[in-house]
Amino acid sequence: MAVKIYVVYYSMYGHVGKLAEEIKKGALSVEGVEAKIWQVPEILSEEVLGKMGAPPKPDVPVITPQELAEADGILFGFPTRFGMMAAQMKAFFDATGGLWREQSLAGKPAGMFFSTGTQGGGQETTPLTAITQLTHHGMVFVPVGYTFGAKLFGMDQVQGGSPYGAGTFAADGSRWPSEVELEHAFHQGKYFAGIAKKLKGSA
């Protein structure tokens, strides 16, 4: 049976969504792996989103908490809000109490990717504080570490991402993921899918 990877994200302006697409491509590059992108429900009204200048949501299916249990591995993506995950993703995690009671996610590998506005805006604190969600579910956190190689050490340009996972800087919203950030996302998807495949094969 194929290893099923879910890429579950929230993106207000599209930056995290762009990373999600590359992560899916990376996961699909691993033989025997299926990958699907989902977005979590929006909790803000259209009126509020309009005032914030948010574009329409992409044509990506909205996931329910129960559907998480179908996956063999899950990569969660979200923007930061004051150094932590955005409220939309937190609200989604808050709705997974039923899965927690049944221990439906225990033992499943999970990873993260993220977007921040500035270099000091949470490229490490955002995933670090989000690990608590995985811990309470008993999920196995799979950081990308330094497996991306020399490019993670690059100092010739501004780039997001960290050992926790792929990342990008959005600045005021006008900056989109750079080529190296997209490469990092592809690598994370491929690396994570390989780990998930090994875990499922040894189960």
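Tutor: Buried means under 20% relative accessible area, exposed over 50%, and partly exposed in between (1.4 Å probe, protein chains only). Our model is predicted: local features need pLDDT of at least 70, side-chain atom pairs count only at pLDDT 80 or more, and totals for chains, interfaces and linings use all residues. Residues are numbered from 1 along each chain as its sequence is written, and side-chain values use heavy atoms, leaving out hydrogens and water.

Student: Glutamate 47 and lysine 51: are they buried or exposed?
Tutor: Find helix H2 first, since both residues lie there, four residues apart, about one turn of the helix (helices, H or I, at least four residues, and strands, E, at least two, are DSSP runs numbered from the N terminus). The two join up in a salt bridge, with the closest N and O atoms 3.6 Å apart (a side-chain nitrogen of Lys or Arg within 4 Å of a carboxyl oxygen of Asp or Glu). As for accessibility, both glutamate 47 and lysine 51 are exposed.

Student: Which residue forms a salt bridge with lysine 90?
Tutor: Look along helix H3, where lysine 90 and its partner both lie, four residues apart. Lysine 90 counts as partly exposed, because its relative accessibility is 31%. With the closest N and O atoms 2.6 Å apart, its partner is aspartate 94.

Student: And glutamate 181, is that buried or exposed?
Tutor: Glutamate 181 meets arginine 175 in a salt bridge (3.1 Å, N to O). Arginine 175 is partly exposed at 22% relative accessibility. Glutamate 181 has a relative accessibility of just 1%, so it counts as buried.

Student: How many salt bridges does the whole structure have?
Tutor: You've just met some of them, including the one between lysine 90 and aspartate 94. Searching the whole structure gives a count of seven.

Student: How many residues of strand S1 are buried?
Tutor: S1 covers residues 3–9 and pairs in parallel with S2 (residues 33–39) through seven bridges (pairing takes at least two DSSP bridges). Five bridges also join S1 to S3 (residues 73–81), again parallel. S1 is largely enclosed by the rest of the structure, because the buried ones among its seven residues number six.

Student: What is the angle between the planes of tyrosine 6 and tryptophan 38?
Tutor: These two form one of four aromatic pairs (ring centres of Phe, Tyr or Trp, its six-membered ring, within 6.5 Å; planes under 30 degrees apart are stacked, over 60 edge-to-face, the rest tilted). The pair is tilted, and its centres are 5.3 Å apart. It links strand S1 to strand S2, 32 residues apart, and both partners are buried. The angle between their planes is 55°.

Student: How far apart in sequence are phenylalanine 76 and phenylalanine 93?
Tutor: These two rings make another tilted pair, 4.9 Å centre to centre with 50° between the planes. Both phenylalanines are buried. Phenylalanine 76 lies in strand S3 and phenylalanine 93 in helix H3, so the pair ties together parts whose separation in sequence is 17 residues.

Student: What is the phi of phenylalanine 82?
Tutor: Most residues other than glycine have a negative phi. Phenylalanine 82 sits in the loop between S3 and S4, and at 86% relative accessibility it counts as exposed. Although it is not a glycine, its phi is positive, at about 55°.
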